[in-house]
Amino acid sequence: MSFKELKAERDVKGKQSILKQTEDEQQMQKDEENQGSDDLYELKGTNLRLGTSTLGGRGLFTQTDAKPGTRLLSVRPHIHAVSARFLEDNCTLCTSEENVRRCTRCKKVAYCSTECQTADWGIHKQECQSLRRWAEASGSDSTPADSIRAISRLLWMRNIKGADSIWWRQIAAMQSNREHLSSSTQESYTHLAQSLVLYMKIESPEGLREYGIESGKDLVDLMSKFTTNSFTLTSTFLNAIGVATAPIPALINHSCQPNAVVVFPATRKGAPPTLDVIAIQPIRRGEEVLAAYVDITLPREIRQKSLKETYAFECSCTLCKLPGTLDLRECVFCPKCNEGFLSSHKGQSAPCSKCGATLSVSQGVRERIRLGTEGLEKAEKLQWQDPEQALRLTTNLNTLLAPDLPPTSHPRLALMRLNHTLLLERLNLDPKESNGPSCSSLLDTAIKLGTQIVAALVDLLPHGHPTRCVAIAALARLLRVDEDQDQSKEDENSPTNTFPPHGYQRLVLAKETLLRALAEVNIGLPGGALFEAIRRLLDDTERELAVFKRGVRNAQANAVAAAKG
Ligand SMILES: [Zn+2]
Ligand SMILES: [Zn+2]
Ligand SMILES: [Zn+2]
Ligand SMILES: [Zn+2]
């Protein structure tokens with residue numbers, strides 16, 4: 001290498017390192033700016049810090065290594081609202097279902113105690129009037145949309161806390177996607193804004209200014225901020241019961257392969273819900289915490305669509321990228337070998353995962369997938385108005401899709417999960433009836449289906465994922481439902497080739513499943529009501545197993561004594 005070349009190379013390297021240096025400096029500067037807002041976000045004393053995400057914008061990062069099951073953050077949401085469907089059954093303040101009574105004035109919201117009612121009164125005294133006005137004006141028993149009730153609560157609380165409070169400044173600093181919204185989303189937000197103004201009885205621009213809203217643009221911003229930064233409020237058993245807004249956890253960015261989850265496992269009666277961020281994968285010090293904004297059992301096209309619509313971004317995680325590889329969320333059984341899978345993703349023709357045949361998915365199968373997808377949408381709407389019909393529809397569609405689609409594939413898994421939920425409701429509806437022969441076969445059907453769902457979720461989700469936890473726990477509980485007398489009489493030595501097994505063998509299976517649930521719940525939903533419920537059920541099961549064994553031993557001893565005598 002000549003001197004000239006050497007110099008030229010050094011110049012380039014020098015330039016590169018200067019560039020690198022400026023990049024690093026910029027990064028540090030960005031981080032410092034963000035650190036400044038650490039005060040706003042009250043992250044001191046937690047394992048998290050604010051930083052600049054490689055995905056763009058801000059993100060939360062861990063300060064030490066975190067094992068799966070580690071609680072990274074625990075906060076009270078700024079605001080939460082119970083869904084209209086659950087207003088009657090769940091305490092508006094603490095979400096408990098015990099001893100709830102409706103507010104005598106509006107007859108809409110309910111509380112479990114005077115303590116909860118008093119604690120909520122600051123907001124509810126205004127809400128109570130609005131709810132009554134809304135019902136009168138609509139001439140029916142209607143309740144405004146959940147988002148309207150939640151945003152109005154946010155605004156009433158702003159005026160209680162003050163516009164200068166950290167509480168409101170955190171809300172004000174939430175990200176809005178107003179400038180990137182599709183025209184249909186813009187339109188729906190404008191519509192929501194109109195309803196909100198009506199509901200809160202804001203009659204002039206001055207009225208809006210009382211809540212710090214200067215223009216229509218501000219109002220759409222607020223809708224976008226709320227939608228983008230809210231979480232589904234869930235019961236301790238992971239049922240969706242409302243919506244919650246929490247600015248700090250909302251700083252967490254999305255991945256379809258998340259290392260953390262946002263859950264409400266430890267909510268207690270008498271106190272507002274607690275939102276926990278839990279690590280479900282090992283997270284190294286300094287790594288970004290990522291949670292999924294959408295259901296990650298869904299195929300990429302559906303995930304991408306809802307991320308685009310609600311959050312205005314395109315996900316580029318490894319699960320969304322995966323070119324040419326088979327995704328169990330969108331595949332069909334290979335018609336040649338019947339064992340392997342073919343991708344049903346349009347425009348992807350990967351060979352069969354087992355026999356290697358390159359086949360395209362037939363028109364007939366595509367048609368059945370289309371029918372299943374449409375039917376799923378219909379059943380989701382029907383489930384509240386006519387659960388019986390929704391149950392029949394999902395049962396039929398699952399039967400239709402079973403020969404073509406493995407249980408991991410969409411829409412089969414979604415249909416199976418809805419079908420299972422409806423079956424469980426049916427089993428719970430009439431506990432007396434559960435002794436009849438039809439219900440014992442219903443119970444067996446639910447156990448078989450629950451087993452298939454667990455297997456599918458295990459294929460799709462990481463160990464300890466809350467959805468997995470709840471599915472395993474539900475299966476374990478089903479295995480503990482009392483069986484028919486004549487079926488459970490079978491003893492320890494009965495054949496085990498039927499599924500689900502009966503009697504002693506079923507108890508053994510229940511114990512195994514409970515232990516499995518306990519281990520996973522300890523990761524995804526630690527320290528909550530579900531963990532306690534499973535632990536108690538496990539104790540009962542172990543006691544019953546011991547009685548069973550003693551009974552068999554006594555019977556044997558008696559038989560021996562009788563033979564001797
Ligand atoms: Zn309560
Ligand atoms: Zn009321
Ligand atoms: Zn993704
Ligand atoms: Zn094959």
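Buried means under 20% relative accessible area, exposed over 50%, and partly exposed in between, with a 1.4 Å probe and protein chains only. The model is predicted, local features need pLDDT of at least 70, side-chain atom pairs count only at pLDDT 80 or more, and totals for chains, interfaces and linings use all residues. Residues are numbered from 1 along each chain as its sequence is written, ligands are numbered from 1 in the order in which they are written, and side-chain values use heavy atoms, with hydrogens and water left out.

**Exercise 1.** Describe the length and the burial of helix 8 (residues 216-229).

Solution.
- Step 1: Helices are DSSP runs (H or I, at least four residues), and strands likewise (E, at least two), numbered from the N terminus.
- Step 2: Helix 8 has 14 residues and spans 20 Å from its first C-alpha to its last, close to the expected 20 Å. The expected span is 1.5 Å times one less than the number of residues.
- Step 3: The buried residues of helix 8 include Leu 219, Val 220, Met 223 and Phe 226. Asp 221 and Lys 225 are also among them.
- Step 4: Because 10 of its 14 residues are buried, helix 8 is largely enclosed by the rest of the structure.

**Exercise 2.** Find the donors of the zinc ion (ligand 3) and state their arrangement.

Solution.
- Step 1: Donors are N, O and S atoms within 2.8 Å of the metal (3.2 Å for Na, K and Ca); water is not among the atoms, so sites may look incomplete.
- Step 2: The SG atoms of Cys 256, Cys 315, Cys 317 and Cys 320 lie 2.2 to 2.3 Å from the zinc ion (ligand 3).
- Step 3: Four donors count as tetrahedral if all angles lie between 85 and 135 degrees. The angles here are 104 to 116°, so the arrangement is tetrahedral.
- Step 4: The spacing along the chain is C-x58-C-x1-C-x2-C. Cys 256 lies in the loop between strand 9 (253-254) and strand 10 (260-263), and Cys 315 in the loop between helix 9 (300-311) and helix 10 (318-321), so the pair ties together parts 59 residues apart in sequence.
- Step 5: Both Cys 256 and Cys 315 are buried.

**Exercise 3.** Repeat the analysis for the zinc ion (ligand 4).

Solution.
- Step 1: Cys 334, Cys 337, Cys 352 and Cys 355 coordinate the zinc ion (ligand 4) through SG, at 2.3 to 2.4 Å.
- Step 2: The angles of 105 to 113° make the arrangement of the four donor atoms tetrahedral.
- Step 3: The donor residues are spaced C-x2-C-x14-C-x2-C in sequence.
- Step 4: Cys 334 and Cys 352 are both buried.

Definitions and conventions: Four donors count as tetrahedral if all angles lie between 85 and 135 degrees; four count as square planar and six as octahedral if opposite donors are over 155 degrees apart and all others between 65 and 115; anything else is irregular.
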